[in-house]
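Here are my notes on this model, in short points. Please read them with the structure open.

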Amino acid sequence: MIGKLHAVRGRNSNSWILGMTVAIGLAVSGCATVPDDPDAREAYEEANDPLEPMNRYFFEVNYALDELVLKPFAGWYYIGLPDFARDGIRNALDNLKSPVIFLNDLLQGEPGRAGVTLGRFVINSTLGIAGLIDVADEMGLSYHEEDFGQTLAVWGSGEGPYLVIPFVGPSNMRDAAGLAVDTVSDPFFWIARHYDVEYMLYIRAGLDVVDARSRNLQTLDEIRRNAIDYYATIRSLYRQDRSQLIANDDETEDDEE
């Protein structure tokens, strides 16, 4: 499944992106024209993409940046590091997400999953050498993703219009708002700011993006080759992935190619 590209979690970066996206979205949505033809209107509403012209523009911008910058870096990363090193980095990155996942487990009324997340964090942070080794998984405590976008969905919030966020990728109004909340609820964000080492947030975000992209090099190439409309295909896959995560289908985790 598609690796998720996260925003750089530095000072005010997510707030700036979210504010810009919402402002542009409101401006464009005010000019959006709903088709009069019944069949066209049904397809329009099913796509839930009233900002499609803007979204396609940013999709092409993101695609160009991916081809020029991210994909080459991800390829070098994939080739240059052995499997165990890349797995160690991914394990450590996942471990750092534990506090946010734990909070969202609780907010969703899932104490059992919250206990798994807490247990994984304690075990992997100690026995797993700061999360580099996923000892907890060997003990039957499997990793799962949770974020505030999923929490809002569990609370009954609709996803809102589809969005393509510059430098981030596919999203929607609900998930964009969730991204901002996850940022400010992450204790590592505040620790980095307090100790004036915010560059560590950029390093962490950069590694997260490059690692996720490296695990989907062949997958995304195949999707693009086989897609009649690459934009629409990615939109559909993003929604499928989010629906599975909201339903707590843990088989959606990215597998190494």
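**Notes on helix α13, the core and N95**

1. In α13, the buried residues are Y230, Y231, I234, R235, L237, Y238, R239, D241, R242 and L245. Charged side chains such as R235, R239, D241 and R242 are on that list. Keep in mind that this is a predicted model.

2. The length of α13 checks out. Residues 230–246 make 17 residues, and the expected span counts one less than that number at 1.5 Å each, so 24 Å should separate the ends. The end C-alpha atoms are indeed 24 Å apart.

3. Look at both ends of α13. At the N-terminal end, D229 acts as the cap, with a side-chain oxygen 3.2 Å from the backbone nitrogen of Y231. After the helix comes N248, which has a positive phi near 60°.

4. The largest nonpolar core has 18 residues. F59, Y162, V164, I223, Y230 and I234 touch the most other members. Two or more residues each come from α3 (52–80), β1 (162–165), α12 (217–226) and α13. The largest share is five residues, and α13 supplies it.

5. What does I223 touch, beyond residues up to four places away in sequence? The partners are Y230, T233, I234 and L237.

6. N95 deserves a separate look. This residue sits in helix α4 (residues 83–96). Its relative accessible area is 7%, under the 20% cut-off, so N95 counts as buried. Setting aside neighbours within four places in sequence, N95 contacts R120, F121, N124, S125, A130 and G131.

Methods: Residues are numbered from 1 along each chain as its sequence is written. This is a predicted model: local features need pLDDT of at least 70, side-chain atom pairs count only at pLDDT 80 or more; totals for chains, interfaces and linings use all residues. Side-chain values use heavy atoms; hydrogens and water are left out. Helices (H or I, at least four residues) and strands (E, at least two) are DSSP runs, numbered from the N terminus. Buried means under 20% relative accessible area, exposed over 50%, partly exposed in between (1.4 Å probe, protein chains only). Contact means heavy atoms within 4.5 Å. A polar contact is a pair of N or O atoms within 3.5 Å; within protein, one must be able to donate a hydrogen and the other to accept it, and residues adjacent in sequence count only if both atoms are side-chain atoms. A nonpolar core is a set of buried Ala, Val, Leu, Ile, Met, Phe, Trp, Tyr and Cys residues joined through side-chain atoms within 4.5 Å.
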